[in-house]
Amino acid sequence: MTRLLAAAATFALALGGAAVASGAHAEPPRGAPGYPTITWGECENAALKTRKAQCGFLAVPLDHAAPAGPKIQLAVSRIKHSVPDRDYQGVMLVNPGGPGGSGLPLPVLGDLVPDKAGAAYDWIGFDPRGVGSSKPALTCDSTYAGYNRPPYVPSTRAIEKAWLARAKGYAAACAKNGGALLDHLRTTDTVRDLERLRIALGVEQINFYGFSYGTYLGQVYATRHPDRVRRMVLDGNVDPGRVWYDANLDQDLAFDRNIKIYFRWLADHDDVYHLGRSAGKVEKLFYAEQAKLARKPAGGVLGPDELTDVFLQAGYYVFGWETVASAFASWVNDDDPAELRKLYDDNNTQEPGSDNGYAIYLGVQCTDARWPASWQRWQTDNWRVHRRAPFETWGNAWYNAPCRDWAGEPGQPVAVDGSKAPPLLLISETLDAATPFSGSLEVRKRFPRSALIEGVGGTTHAGSLFGNRCVDHAVADYLATGALPRRVKADRSDKQCKPIAPPDPTPAATTTKRAESAAVQTRLELQKLIR
C-alpha cells in the first residue's frame, strides 16, 4: 500500500516465531538443540540506551519448511517492565507497519501509554526479516527515488515505457541482491518468525500492538495461533479481503478525498498562506504548479512527482499540515523551492541502503498474493480510478509496478478468521486514507469479540498514542485490565471519539504550541515510525 510505509520520514529510535503453518504448536523442549534463544546486550540506538533497553539477535530459518537449512538473523530489542513482578502483564510485541518499517526502536511506546499502563509489560521491538538491522537487510537501488523521474501520469507512450522500464529494472536489481530471500518474505513467514520469538522469550502467549500493515500481521498471527494471543491493539486496519492490488486502488480514492480536505484547510487559512480563498482555487493552483514543474523543474530537479510526494504526507496525518503549507507558500509566493526540496530530501534520502523499506514493502506485498500480470489490466484500472482521483493514482501505480516482474514466488492470501481469537481492540479514524475505515469494519466482523474505536471525521492514519485522550485512555484501560468498549450489534464502531484536531497556524495559537512543543515533538517522532 502506498507508503503503508505509508507516509512519513524515518525516526531512528527495535525485535521477532515456530515453523508451523496451522494452529498446531510443535515446539522443542527448552534447552534442546535448535531451541531459539536471544543473547541480550546493549543497544546502539540512543533512545533505547537512555531507557536501558536490551538488544540482540534471534536466528530463524530462512525457509521455515526447511528448519535445518540456512538461518537469518532478526534484530530484537526489549525494555523490561518497571512494575513489581506480581503486576507483570507479559511481553508486548510491536510492529510499525510498512511492510518494511523498522520496529527496533518501538519499545519506547510503552512510555506513551497513559496512566503508566505500559509499565506492566516487557515491550519488544523487532526488525522483521530483511529489514533494518536484521541480517541480511535487502537493498536494491538506493537512487531509485531520486530526482529527474518521468511524470507520474503517463500522458504519452514514452512516459509509460520509461516507467515500465524503471520498475522492471528495480525488480531485476532486487532479484540480483535478494536471491533466495525473495521467496521467503511473505506475511506468513514473519508470523512464523513471531512464533519463534515467542518461544525464545519463554512465554505461552504474546500481547501485540500493530500499526497499519502491522494490523495485518496481527490478524494473520491471531488466525494461525489464536491460543497464543493474550491482547492485541490493531490501529489502522488493513482489509484482509483486499490484499494487495485492490487495497491500493482503494487508497487512491481515499487519498484524493483527503487532499481535498487539506486544500480546504489551506483555503480556510488563506490569511496565513495566501494560496486561495476556496478549496477549488487551491486545488486548481496545485495542479497548475504541477504542470509548471513538469515543464521546468524547480532548481532543475524538483518536478511534479516530488510535489505530489511532499503533499502526500498531508493525506496521512494532520501533524505536518503547517510544514507542507509553508513550503508550498514559499514556492508559490516567493519563488523559493528550498523548503519543498528539504521536505522531499528528508523523506527520500539517497544514502546507501536507504531503499531498504521500499524493497521489503515490495518483497512482502508482491508475494503475499499474486498481482495481475497483464499491463492492460493495470492500465484499465488505474486510468478508471485516475479520472475520479488524479492526485495519487498513477504515483501509487508506479510505486507498486515492480510487482509485475518480481522474482519472489507469490503465495495465496490467508483467509483471516478471528472466530477463535480473544477480545481485540481495533482503532481507526473515519477518513484514514492509507487503511480506509471499511477495512476496520471488515476486521471487526471477522473478530467477533473485538471492539472498534472511531476517531469520527478524522484523517489521521494509525493515530493512537498521539495524544488523543479519548483513544489513548481506552488503550490504557485495555492494556491494564482487558476492558473493551461495549460491542454494539450494528455494523459500526463501538466507541466514538473526537479525531486528532488539525493544527491552528494563526499567530494567536503560537504561545500554546510552544507550551506543547515537547509533546508535539514526541508525537512527530512517533509519526515517523508508524506506517
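## Helix 10 and its buried face

Let's start with helix 10, which covers residues 338–347 and has Leu-340, Leu-343 and Tyr-344 as its buried residues. Seen down the helix axis, these buried residues fall within an arc of 95°, so they line one face of helix 10. The arc is taken from the directions that run from the helix axis to the C-beta atoms. Buried here means under 20% relative accessible area, exposed means over 50%, and partly exposed lies in between (1.4 Å probe, protein chains only). An α-helix has 3.6 residues a turn, so residues three or four places apart point the same way.

What do the buried residues of helix 10 pack against? They pack against helix 8 (304–316) and helix 9 (321–334), where contact means heavy atoms within 4.5 Å. Helices (H or I, at least four residues) and strands (E, at least two) are DSSP runs, numbered from the N terminus.

## About the model

This is a predicted model, in which local features need pLDDT of at least 70 and side-chain atom pairs count only at pLDDT 80 or more, while totals for chains, interfaces and linings use all residues. Residues are numbered from 1 along each chain as its sequence is written, and side-chain values use heavy atoms, with hydrogens and water left out.

## Helix 5, an enclosed helix

Helix 5 (residues 245–268) has 24 residues, which should span 34 Å at 1.5 Å a residue; its end C-alpha atoms are 36 Å apart, which agrees. The expected span is 1.5 Å times one less than the number of residues in the helix. Of the 24 residues of helix 5, 17 are buried, so the helix is largely enclosed by the rest of the structure.

A salt bridge also involves this helix: the side chains of Lys-260 and Glu-283 meet at 3.5 Å, N to O. Lys-260 lies in helix 5 and Glu-283 in helix 7 (residues 279–295), so the pair ties together parts that are 23 residues apart in sequence. Lys-260 is partly exposed at 32% relative accessibility, and Glu-283 is partly exposed as well, at 22%.

## More salt bridges

Side chains of opposite charge can pair when their charged atoms come close. A salt bridge here is a side-chain nitrogen of Lys or Arg within 4 Å of a carboxyl oxygen of Asp or Glu, and by this rule the count comes to 20. One of them joins Glu-409 to Arg-370, with the closest N and O atoms 3.6 Å apart. Glu-409 lies in the loop between helix 13 (393–400) and strand 8 (425–429), and Arg-370 in the loop between helix 11 (356–368) and helix 12 (375–388), so this pair ties together parts that are 39 residues apart in sequence. Is each partner exposed or partly exposed, and what are the values? Glu-409 is partly exposed at 43%, whereas Arg-370 counts as exposed at 59%.

Another salt bridge sits within a single helix: Arg-446 pairs with Glu-442, their closest N and O atoms being 2.8 Å apart. Both lie in helix 14 (residues 437–446), four residues apart, about one turn of the helix. Arg-446 is partly exposed, with a relative accessible area of 23%. Elsewhere, Arg-149, Glu-306 and Asp-309 are linked in a network of salt bridges.

## Strand 4 and the nonpolar cores

Strand 4 (residues 90–95) is mostly covered, with six of its six residues buried. Strand 4 runs parallel to strand 5 (residues 121–126), and five bridges join them; two strands pair if DSSP finds at least two bridges between them. In strand 5, Gly-125 is the bridge partner of Val-94. Strand 4 also pairs in the parallel sense with strand 6 (residues 206–211), over four bridges, and here Met-92 stands opposite Asn-207.

A nonpolar core is a set of buried Ala, Val, Leu, Ile, Met, Phe, Trp, Tyr and Cys residues joined through side-chain atoms within 4.5 Å. Which of the 78 residues in the largest nonpolar core touch the most other members? They are Leu-93 and Tyr-216. Leaving aside neighbours within four places in sequence, the contacts of Leu-93 include Ile-124, Leu-194 and Phe-208. A second, separate core of 43 residues includes Tyr-147, Val-310, Val-324 and Ala-433.

## Two buried residues

Ala-314 lies in helix 8 and is buried, with a relative accessible area of 2%. Ala-314 and Val-324 are 10 residues apart in sequence and 7.3 Å apart in space, C-alpha to C-alpha. Beyond its neighbours within four places in sequence, Ala-314 is in contact with Ile-259, Tyr-262 and Trp-321.

Asp-270 lies in helix 6 (residues 270–273) and counts as buried at 14% relative accessibility.
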